[in-house]
Amino acid sequence: MSDHHRHDEEHDHHHPHGNRPLTEPELRVKALEQVLTEKGLIDTAAVDALIETYETKVGPHNGARVVARAWVDADYKRRLLADGTKAIAELGYSGIQGEDMVVVENTDTVHNVLVCTLCSCYPWPTLGLPPAWYKAAPYRSRVIIDPRGVLKEFGLNLDDDVEVRVWDSTAELRYMVLPQRPPGTEKLTETELAALVTRDAMIGVARLASPKR
Amino acid sequence: MNGIHDLGGMHGFGAVNPEKDEPVFHAEWEKRVFGMFAPLSATGLFNVDMFRHAIERMGAANYLQTSYYEHWLHAFQTVLLEKGVVTTEELRTGHAIGEQEKRTPALAPAAVPKIVATGGSARVDMDVKPRFKEGDMVVVKNMNPVGHTRLPRYCRDKLGCIDRDHGVFLFPDTHAHGKGEKPQHCYSVYFSAQELWGPKASRNDSVYVDLFDDYLLPA
């Protein structure tokens with residue numbers, strides 16, 4: 001068998017529906033998952049279920065509901081700021097990477113922004129899985145030392161007299177920002193309000209704009 | 001350890017570059033890596049601190065040149081090799097070799113919703129006396145352990161103030177090395193931006209870092 005032939009056969013074996021060679025991580029993951037399955041350490045159907053959960057069920061729409069509730073219900077907001085974990089669980093969100101939650105509130109004079117400089121800790125139950133930029137070196141290195149510069153890159157220019165608080169989640173607490181309710185939203189329902197809330201506002205790299213007329 | 005993972009305050013990494021309409025995963029293999037985390041955690045073969053420490057021990061150049069889920073993949077391989085659960089030959093060939101140990105059944109799909117909703121808190125239900133209270137001034141120890149720590153370099157030897165006491169948590173510095181939970185208080189500690197970064201930092205800005213009792217001294 002020629003080398004060329006063997007090469008093609010490998011393609012067919014690993015990747016029946018495409019004609020590109022598998023990348024190094026693809027090969028390693030495939031091998032690892034197979035070995036762990038044969039050893040009875042993982043059930044691939046559970047892996048599938050986890051992927052589906054975080055692709056379709058868990059995401060920033062959860063956090064948006066929490067924020068909207070806090071905007072319309074002062075008592076809920078009080079509970080949310082006093083014990084984030086408990087108040088978030090009232091809306092049905094809890095669990096992996098949100099076991100112990102702290103919610104920090106943005107006001108006219110205080111702007112909060114989140115980071116994990118050591119790894120990429122992030123509040124999964126309310127915000128879903130983190131975006132790539134949150135996990136990458138530029139954001140993690142810079143937002144802690146130059147938050148205003150980084151926020152500017154996100155299009156957010158803060159006045160000098162606004163206090164910027166950067167929260168580095170170095171332990172097992174997970175943080176979420178309660179953004180300010182934008183002006184001109186007085187007549188919106190809780191569901192309409194939730195639709196205005198973005199992931200970036202709950203990380204603290206954006207402020208929410210008033211709804212377009 | 002003073003590893004490459006401890007990025008806070010470093011220069012030279014360029015712009016943040018957020019991606020428009022970013023998908024949850026960028027490739028099929030990323031999904032598989034992600035989906036293996038909870039089932040592997042459920043085996044009890046390693047804890048999240050061991051997992052993080054495996055990432056921290058990656059070569060610095062390799063760490064920076066690889067993506068988040070490649071870090072995870074590296075960590076799975078590293079801890080499973082170190083625990084003797086897999087061999088390099090098995091990871092190379094993609095098949096279990098020889099007689100396999102009988103194990104408790106793997107995390108079943110039906111158990112996924114519950115584990116997602118419950119997770120595993122690092123909080124320890126134990127009455128431990130806090131060494132500090134809200135408003136206390138503290139100095140962060142100047143320590144440079146070669147093992148795992150959750151004390152970033154940028155706040156070592158700096159003056160801070162206890163903002164709040166989060167309660168009692170297991171201590172990652174020992175837990176990552178199988179040396180026990182050493183439960184202790186974890187605090188949110190306030191630092192002024194100028195204390196951390198010098199007089200050119202904004203006078204109004206601050207950084208809050210979650211720090212364990214063992215990292216702190218009374219000021």
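**Close-up views of chains A and B**

**View 1. B:C186 is a buried cysteine, since its relative accessibility is 0%.** The coordinates shown in this and the following views belong to a predicted model. A disulfide is a covalent bond that joins the sulfur atoms of two cysteines. Over all chains, the count of disulfides comes to zero under the rule of cysteine sulfur atoms within 2.5 Å. B:C155 takes part in no disulfide, and the nearest cysteine sulfur to it, that of B:C186, is 12 Å away. For B:C186, which is likewise in no disulfide, the nearest cysteine sulfur belongs to A:C121, at 12 Å. B:C155 also counts as buried, because its relative accessibility is 0%, against a limit of under 20% for burial.

**View 2. A:T53 sits in helix α3 of chain A, which covers residues 44–57.** Is this threonine buried or exposed? Its relative accessibility is 11%, and A:T53 therefore counts as buried. Leaving aside residues up to four places away in sequence, A:T53 touches A:V58, B:V112 and B:V116. The contacts of A:T53 thus include two valines of chain B, B:V112 and B:V116, together with A:V58 of chain A. The view may also be extended to A:G128, which is 75 residues from A:T53 along the chain. The C-alpha atoms of A:T53 and A:G128 are separated by 9.8 Å.

**View 3. A:S120 occupies the loop that connects β2 and α7 of chain A.** The strand β2 comprises residues 110–115, and the helix α7 comprises residues 124–127. With a relative accessible area of 6%, A:S120 is buried, as the limit for burial is under 20%. Which residues does A:S120 touch, not counting residues up to four places away in sequence? In chain A they are A:P130, A:Y134, A:K135 and A:R140, and in chain B the contact is B:Y68.

**View 4. B:N17 has a positive phi although it is a residue other than glycine.** The phi angle of B:N17 is near 55°. B:N17 is located in the segment that precedes α1 of chain B, a helix that spans residues 28–42. The relative accessibility of B:N17 is 60%, so this asparagine counts as exposed, the limit for that class being over 50%.

**View 5. B:D21 is a further residue with a positive phi, at about 45°, that is not a glycine.** This aspartate, B:D21, is found in the segment before α1 of chain B. B:D21 counts as exposed because its relative accessibility is 75%.

**View 6. Chain A as the setting of A:T53 and A:S120 contains twelve helices and four strands.** Its radius of gyration is 22 Å, well over the 17 Å given by the globule rule for 213 residues, so chain A is more spread out than a compact globule. The C-alpha trace of chain A spans about 75 × 40 × 35 Å along its principal axes. Buried residues account for 56% of the 213 residues of chain A. Of the contacts in chain A between residues at least 6 apart in sequence, 66% join residues at least 24 apart. The exposed area of chain A is about 9,300 Å², of which carbon and sulfur atoms supply 50%. Chain A carries 25 positive and 33 negative side chains, and 6 Å separates the centres of the two sets.

**View 7. Chain B as the setting of B:N17, B:D21, B:C155 and B:C186 contains eight helices and five strands.** Along the sequence, these elements follow the pattern α-α-α-α-α-α-β-β-α-β-α-β-β. The principal axes of the C-alpha trace of chain B give a span of about 60 × 45 × 35 Å. Of the 219 residues in chain B, 50% are buried. Contacts in chain B between residues at least 6 apart in sequence join residues at least 24 apart in 66% of cases. Chain B exposes about 10,600 Å², and 53% of this area is supplied by carbon and sulfur atoms. There are 24 positive and 28 negative charges in chain B, and their mean positions are 2 Å apart.

Note on methods. Residues numbered from 1 in each chain as written. Chains lettered and ligands numbered in written order. Predicted model: local features only at pLDDT ≥ 70, side-chain atom pairs only at ≥ 80, totals over all residues. Heavy atoms only, no water. Helix = DSSP H or I, 4+ residues; strand = E, 2+ residues; numbered from the N terminus. Rg over C-alpha atoms; globule rule 2.2 N^0.38 Å. Buried < 20%, exposed > 50% of the residue type's maximum accessible area, 1.4 Å probe, protein only. Contact = heavy atoms within 4.5 Å. Areas by Shrake-Rupley, 256 points an atom, 1.4 Å probe, with all protein chains shown as cover. Lys, Arg positive; Asp, Glu negative; His and termini not counted. Charge placed at Lys NZ, Arg CZ, Asp CG, Glu CD.
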